Amino acid sequence: MVVVIWTTWCPTCKLEIPHLKELYKAFDQEKLAILSISNESPALLKEFATKESIPYTVLSGSGPLPGPFGDVEYIPSSFYIDPEGKFKLAATGLVPTGDAEAIVQAQ
């Protein structure tokens with residue numbers, strides 16, 4: 001699983017969307033879930049996700065998120081989590097598709 005904390009107004013977040021789309025397409029959806037969380041309104045996020053044709057899950061985190069997600073200081077921030085729920089890696093900034101694929105496949 002990949003959890004991304006982001007916003008629609010962040011330039012780097014917008015640049016990361018094509019990379020996340022490619023990552024989503026590179027794996028069977030039963031093997032990789034991508035969850036993107038923004039503190040913006042559900043209506044804004046729905047409109048943005050539709051406009052950008054985002055295929056992965058976009059959520060509005062209107063309340064406080066549990067750590068480490070709620071402790072994010074920089075966006076975008078990505079968390080790579082293995083199938084057992086253990087954190088593999090946390091990253092800030094844009095993660096290129098090839099790097100993200102390697103992280104997901106790493107044991």
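This passage describes the pockets, a helix pair, a cavity and two backbone features of a predicted model.

The largest pocket has a volume of about 280 Å³. Its lining is made up of 15 residues, and those closest to the pocket centre are Lys-31, Asp-82, Pro-83, Lys-88 and Val-104. Two elements, strand β4 (77-81) and helix α3 (97-105), each contribute at least two residues to this lining. Sorted by class, the lining of the largest pocket holds eight nonpolar, two polar and five charged residues.

The second largest pocket has a volume of about 180 Å³. This pocket is also lined by 15 residues, of which Ile-5, Asn-39, Leu-65, Phe-69 and Val-72 are the closest to its centre. Eight residues of the lining of the second largest pocket are nonpolar, six are polar and one is charged.

Helix α3, which supplies part of the lining of the largest pocket, also packs against helix α1 (residues 11-26). The axes of α1 and α3 lie 9 Å apart and form an angle of about 40 degrees. Angles that are neither under 35 degrees, nor over 145, nor within 65 to 115 count as oblique, and α1 and α3 are therefore oblique to each other. The crossing of the two helices is right-handed. On the α1 side, the contact is made by His-19, Glu-22, Leu-23 and Ala-26, and these meet Thr-97, Ala-100, Glu-101 and Val-104 of α3. The contact between α1 and α3 comprises four nonpolar, two polar and two charged residues. Val-104 thus appears in two settings: in the contact of α3 with α1, and among the residues closest to the centre of the largest pocket.

Helix α1 also takes part in enclosing internal space. In the whole structure, one cavity of 30 Å³ or more is found. The largest cavity contains about 40 Å³ of space. The residues that line the largest cavity are Val-4, Trp-6, Cys-13, Glu-16, Ile-17, Leu-20, Ser-36 and Tyr-56. Four of the lining residues come from α1, which provides the largest share. By class, the lining of the largest cavity has six nonpolar residues, one polar residue and one charged residue.

Two features of the backbone lie in loops on either side of strand β3 (57-60). In the loop between α2 (42-51) and β3 is Ser-53. Although Ser-53 is not a glycine, this residue has a positive phi of about 55 degrees. The loop between β3 and β4 contains Pro-76. The peptide bond that joins Ile-75 to Pro-76 is cis, with omega near -5 degrees. Strand β4, at one end of the loop that holds Pro-76, is one of the elements that supply at least two residues to the lining of the largest pocket.

Technical notes
Residues numbered from 1 in each chain as written. Predicted model: local features only at pLDDT ≥ 70, side-chain atom pairs only at ≥ 80, totals over all residues. Heavy atoms only, no water. 1 Å grid on protein atoms, 1.4 Å probe; cavity = no way out; pocket = protein on both sides within 12 Å on 5 of 7 lines; lining within 4 Å. Points joined across faces, edges and corners; volume = space filled by probe spheres on them. Nonpolar A, V, L, I, M, F, W, Y, C, P; charged D, E, K, R; others polar. Axes fitted to C-alpha atoms, helices over the stretch in contact; angles between N-to-C directions. Left-handed = near helix turned anticlockwise from the far one by under 90°. Contact = heavy atoms within 4.5 Å.
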